[in-house]
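Subject: Handover of a structure

Dear colleague,

Please find below the sequence and the structure that I am handing over to you. My account of what was found follows directly after them.

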Amino acid sequence: MAVLTAAALGVVGFLGYQAAATAPDHPTQARPGSHSAESKKKDKDDAGSKKKSTALPARSGTGVRVVYALGDKRVWLVGADGRAGRTFEVGPSPASPTPGTYTVTSRNKGGVGSDGVQVEHVVVFHSEGGVVFGFSAAVDGSMPDPNARKRTGAVRESRADGTAMWEFAQVDMKVVVVP
């Protein structure tokens, strides 16, 4: 009997570890009487709304590059073979760069973003009208407020996506911004 109890506790502990290891850094919490963001998305998809494609946009350049689609709020990390090795959604700030081709101008392991949030893995690619545009991950997992009055150029990623961007996008790498 003691052996069965010990085995059951071991399995429960292992499953708990697996769940914790795959859980997001900052899970969202639904309030009583509200739907979670995932439920709302599912409800919207079920209502016949067109689901956004994750396919690499046409006319988004060639070669190794980062592609940022403003309308889709999505980034692709494209390798030498022309295929996206990774794609993910981002949270843009109130200001957006003009569509075009840029290059990574600087990188910073961490600091405070222009919106006052502690960030890591900052990859800067453009400056326009006094606004600096760059990809970063908020240490607390937050996304910028797209309706904020202050014009900032933060393009926020999850921490895992921020790490992938940091490892991929080196200084002088091409960044293609499409509508």
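**What was found**

R59 is located in the loop between α2 (37–46) and β1 (65–69). Please note from the outset that this is a predicted model. With a relative accessible area of 80%, R59 is exposed. Although R59 and V176 are 117 residues apart along the chain, 9.7 Å separates their C-alpha atoms.

**The sheet**

An open sheet is formed by five strands, in the order β4-β9-β8-β7-β6, and its pairing is mixed. At the edges are β4 (91–92) and β6, each of which pairs on one side only. Strands of a sheet pair through backbone hydrogen bonds, in either a parallel or an antiparallel manner. In this model, β7 and β8 run antiparallel and are joined by seven bridges. To find a point of contact with β8, you may look at V124, whose bridge partner there is G134.

**The salt bridges**

How many salt bridges does the structure hold? There are three, and I take them in turn.

The salt bridge between R86 and D161 has its closest N and O atoms 2.7 Å apart. R86 belongs to strand β3 (residues 84–89) and D161 to helix α3 (residues 159–168), so this pair ties together parts that are 75 residues apart in sequence. As for accessibility, R86 is partly exposed, at a relative accessible area of 33%. D161 counts as buried, because its relative accessibility is 11% and the term covers values under 20%.

D115 and R156 form another salt bridge, in which the closest N and O atoms are 3.0 Å apart. Here D115 lies in the loop between β6 (106–112) and β7 (118–128), while R156 is in strand β9 (residues 153–157); the pair therefore ties together parts that are 41 residues apart in sequence. D115 counts as partly exposed, at 29% relative accessibility, whereas R156 is buried, with a relative accessible area of 1%.

In the remaining salt bridge, the side chains of E120 and R159 meet at 2.8 Å, N to O. This pair also links distant parts of the chain, with E120 in strand β7 and R159 in helix α3, 39 residues apart. Is E120 buried or exposed? At 15% relative accessibility, E120 counts as buried. Its partner R159 counts as partly exposed, at 27% relative accessibility.

**The second largest pocket**

The second largest pocket has a volume of about 240 Å³. Its lining consists of 18 residues, of which G113, S114, V132, G153 and A154 are the closest to the centre of the pocket. The elements giving two or more residues to this lining are β6, β7, β8 (131–138) and β9. Which of the elements gives the most to the lining? That element is β8, with five residues. By class, eight of the lining residues are nonpolar, eight are polar and two are charged.

The strands named for this pocket, β6, β7, β8 and β9, also appear in the order of the open sheet described above. When you view the pocket, I would therefore suggest having the sheet order β4-β9-β8-β7-β6 at hand, because the strands are numbered from the N terminus and the order in the sheet is given separately.

With kind regards

Key:
Residues numbered from 1 in each chain as written. Predicted model: local features only at pLDDT ≥ 70, side-chain atom pairs only at ≥ 80, totals over all residues. Heavy atoms only, no water. Salt bridge = Lys/Arg side-chain N within 4 Å of Asp/Glu carboxyl O. Helix = DSSP H or I, 4+ residues; strand = E, 2+ residues; numbered from the N terminus. Buried < 20%, exposed > 50% of the residue type's maximum accessible area, 1.4 Å probe, protein only. 1 Å grid on protein atoms, 1.4 Å probe; cavity = no way out; pocket = protein on both sides within 12 Å on 5 of 7 lines; lining within 4 Å. Points joined across faces, edges and corners; volume = space filled by probe spheres on them. Nonpolar A, V, L, I, M, F, W, Y, C, P; charged D, E, K, R; others polar. Pairing = 2+ DSSP bridges.
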